[in-house]
Amino acid sequence: MEKKVLGCKCSDKEFRDYVWSIKDKRAVAIKTLSKLNLRRRFVVKDKAINPSLRTVERVVRRIYVYPSYEAEEPITNAYVLGFTLKCIRMPVFVPLIVLRYLEEREVEVLLGIVKVREIDIDEMIEFLRSLGIQVEVRSLVEGIVVDLDDPIVGCYQVSVDERGRVIDTNVCIDMEAQLFLPELVFLIRQQGSIYIYPRKW
């Protein structure tokens with residue numbers, strides 16, 4: 001009778017046997033990675049927080065890379081790229097690439113936001129203020145304009161929609177994907193020195 005491992009759909013018998021032989025029941029085994037739909041998350045402790053701050057996933061406990069039996073600890077306290085595995089109770093996130101390590105204060109604030117049940121633009125603004133950023137919000141025809149005075153990088157502006165998704169900013173930054181306001185702030189902080197266009201709104 002062929003052994004079956006939950007979550008293992010690989011046709012490679014050697015890899016299936018490798019997965020079956022791992023005694024650790026709370027781990028992910030990886031042989032190759034291709035055609036992954038990578039997602040961005042804030043990983044703090046054992047939680048992976050969506051950039052919208054609205055959903056939380058568990059972070060995998062340990063990672064095994066075939067053929068090694070030595071487990072790797074997952075990335076933590078960082079803004080990362082990774083992929084999500086669907087599980088019976090709650091999705092499990094596997095962090096792969098660090099985009100920016102988080103400072104201690106940022107980790108504390110993110111752990112606090114996990115306890116908030118409903119996140120809207122007002123909660124996002126309070127989240128940024130908790131990071132020591134002075135924030136003013138104005139509603140215009142073009143959308144919501146957020147004026148930020150960050151002690152780390154200085155003053156800049158961001159235009160967002162009612163869900164907190166970034167529409168535009170006067171900071172020179174590469175935005176290949178749709179960003180939410182909190183993650184834009186973290187990426188701008190990572191740059192350190194920024195070029196700011198003249199006031200837009």
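In the predicted model, strand β7 covers residues 92–101 and includes Ile97. Ile97 is partly exposed, with a relative accessible area of 43%, and it contributes, together with Leu33, Leu36 and Leu38, to a nonpolar surface patch of about 320 Å². For the chain as a whole, the exposed area comes to about 12200 Å², of which carbon and sulfur atoms supply 51%.

The chain is built from four helices and eleven strands, and its C-alpha trace spans about 70 × 30 × 30 Å along the principal axes. Of the 201 residues in the chain, 42% are buried. Among the contacts with a separation of 6 or more, 51% are accounted for by residues 24 or more positions apart.

Helix α4, which comprises residues 181–191, is largely enclosed by the rest of the structure, because nine of its eleven residues are buried. The buried residues of α4 are Leu181, Pro182, Glu183, Leu184, Val185, Phe186, Leu187, Ile188 and Arg189, a set in which charged side chains appear beside nonpolar ones. After the helix comes Gly192, whose phi is positive, near 80°.Salt bridges were searched for across the whole structure, and 13 were found. One of them is formed by the side chains of Asp150 and Arg189, with an N to O distance of 2.8 Å. Since Asp150 belongs to strand β9 (residues 143–150) and Arg189 to helix α4, this pair ties together parts that are 39 residues apart in sequence. Asp150 and Arg189 are both buried. A further salt bridge joins Arg100 to Glu106, with the closest N and O atoms 2.8 Å apart; Arg100 counts as buried at 8% relative accessibility, and Glu106 is likewise buried, with a relative accessible area of 1%. These two pairs do not stand alone, for Arg100, Glu106, Asp150 and Arg189 are linked in a network of salt bridges.

Another salt bridge is found between Arg41 and Glu57, whose closest N and O atoms are 3.1 Å apart. This pair links distant parts of the chain, with Arg41 in strand β2 (residues 39–44) and Glu57 in strand β4 (residues 56–59), 16 residues apart. Arg41 is buried, with a relative accessible area of 7%, and Glu57 also counts as buried, at 10% relative accessibility.

Asp161 is placed in the loop between β10 (154–160) and β11 (166–169). Despite this loop position, Asp161 is buried, with a relative accessible area of 15%. The side chain of Asp161 is joined to that of Arg165 by a polar contact of 2.8 Å. When neighbours within four places in sequence are left aside, Asp161 is in contact with Ile144 and Ile167.

With regard to cysteines, the structure holds zero disulfides. A disulfide is a covalent bond between the sulfur atoms of two cysteines. The closest cysteine sulfur to that of Cys155 is in Cys172, at a distance of 18 Å, and the two are therefore too far apart for a bond. Cys155 is partly exposed, with a relative accessible area of 49%, and Cys172 is also partly exposed, with a relative accessible area of 39%.

Methods. Residues are numbered from 1 along each chain as its sequence is written. Side-chain values use heavy atoms; hydrogens and water are left out. Patches are made of residues with over 30% relative accessible area and no salt bridge: like charges are joined within 9 Å, nonpolar side chains (Val, Leu, Ile, Met, Phe, Trp, Tyr) within 5 Å. Accessible areas come from the Shrake-Rupley method with a 1.4 Å probe; for residues, only the protein chains shown count as cover. A salt bridge is a side-chain nitrogen of Lys or Arg within 4 Å of a carboxyl oxygen of Asp or Glu. Helices (H or I, at least four residues) and strands (E, at least two) are DSSP runs, numbered from the N terminus. Buried means under 20% relative accessible area, exposed over 50%, partly exposed in between (1.4 Å probe, protein chains only). A disulfide is a pair of cysteine sulfur atoms within 2.5 Å. A polar contact is a pair of N or O atoms within 3.5 Å; within protein, one must be able to donate a hydrogen and the other to accept it, and residues adjacent in sequence count only if both atoms are side-chain atoms. Contact means heavy atoms within 4.5 Å.
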